[in-house]
Amino acid sequence: MYGMINEGIRTFIINNHDEQTWETICQKAAVEGRSFDHMKSYDDSVTYDLVGAVSEHTGLSAGEVMAKFGSYWIDYAGSSSYGKLMKRAGDSFLERLAGLDDMHAQIKKSMPHLKPPSFQLEEIADRTYHLHYFSQRTGLDTMVVGLLDGLAEETGARIAVKQVAEKSETVDHSVFEIVLAH
Ligand code: HEM
């Protein structure tokens with residue numbers, strides 16, 4: 001994944017802990033160098049190894065680490081130069097969700113090796129939606145939950161999210177059910 005993701009993990013750790021903790025995590029993950037070039041594509045294993053090391057260090061499961069990072073990412077990426085792309089889709093939670101594919105497509109113009117996720121939003125009942133999440137990767141479902149929580153917080157929406165399908169050998173994508181409170 002692009003170094004911007006790994007840099008997000010780095011600042012997430014330094015903000016919540018300190019530089020020394022980041023050093024320890026890099027050592028555990030056997031990651032060389034202590035920072036990443038935002039615009040360079042790194043092997044996905046770097047990101048997964050970092051998450052594994054954070055999990056080992058904090059005692060949180062990898063899924064919990066991903067969820068917390070997902071929430072943090074909304075602030076981190078939102079305050080980067082790409083933030084305006086996220087806001088371009090509109091001010092509401094649903095508009096931002098509907099705009100995710102366009103937003104990642106815009107980002108791909110400056111990050112050509114991007115393998116972006118794809119989302120489809122389906123209204124299944126009043127204020128209840130299924131968000132279909134397509135990815136070339138696995139293991140990022142809890143990050144999506146964190147991203148949704150972060151996006152809801154930023155747009156002032158109150159949501160309840162539960163995963164209703166998980167990508168596997170026989171199911172080609174994961175699905176999240178989102179209920180919007182009044
Ligand atoms: C300004 C805001 C954002 C920026 C700059 C951004 C950028 C990125 C980048 C650089 C990657 C790594 C992909 C790669 O290197 O192949 C990524 C992945 C991803 N993004 Fe975003 N993103 C933003 C907001 C969001 C939001 C709001 C969501 C969902 C609610 C989201 C969902 C994801 C997911 C799930 C992945 C993992 C890729 C996969 O599933 O294979 N992103 N994004």
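**A salt bridge between two domains**

The side chains of aspartate 44 and arginine 137 meet in a salt bridge, with 2.7 Å from N to O, a pairing that falls well inside the cut-off of 4 Å between a side-chain nitrogen of Lys or Arg and a carboxyl oxygen of Asp or Glu. The model in which this pair is found is a predicted one, and the protein it describes is divided into domain 1, residues 3–59, and domain 2, residues 91–180. Between domain 1 and domain 2 the count is 1 salt bridge, while over the protein by this rule the count comes to 5 salt bridges.

The two domains can be placed relative to one another by their C-alpha centres, which lie 24 Å apart. To the contact, domain 1 gives 6 residues and domain 2 gives 7 residues. The area buried between domain 1 and domain 2 is about 470 Å², and carbon and sulfur atoms give 58% of this area. In domain 1, the residues that lose the most area to domain 2 are Met39, Asp44 and Tyr48, which together account for 74% of what that side buries. Asp44 thus appears in this list and also as a partner of arginine 137 in the salt bridge.

Polar interactions across the boundary can be counted as well: there are 2 residue pairs in polar contact between domain 1 and domain 2, both residues of each pair being at pLDDT 80 or more. Sorted by class, the side of domain 1 that touches domain 2 is made up of 3 nonpolar, 2 polar and 1 charged residues.

Turning to the fold, the protein has 8 helices and 4 strands, and from the N terminus on its elements run α-α-α-α-α-α-α-β-β-α-β-β. Helix α1, residues 3–16, holds both glutamate 7 and arginine 10, and because these two are 3 residues apart in that helix, they are separated by about one helical turn. Their side chains meet in a salt bridge as well, at 3.0 Å from N to O.

As for overall dimensions, the C-alpha trace spans about 50 × 30 × 30 Å along its principal axes. A compact globule of 182 residues would have a radius of gyration near 16 Å, and the protein has 16 Å, so the value agrees with that expectation.

Key
Residues numbered from 1 in each chain as written. Predicted model: local features only at pLDDT ≥ 70, side-chain atom pairs only at ≥ 80, totals over all residues. Heavy atoms only, no water. Domains from an automatic or database assignment. Contact = heavy atoms within 4.5 Å. Buried area = accessible area lost by both parts, 1.4 Å probe. Polar contact = N/O pair within 3.5 Å; in protein donor to acceptor, adjacent residues only side chain to side chain. Nonpolar A, V, L, I, M, F, W, Y, C, P; charged D, E, K, R; others polar. Rg over C-alpha atoms; globule rule 2.2 N^0.38 Å.
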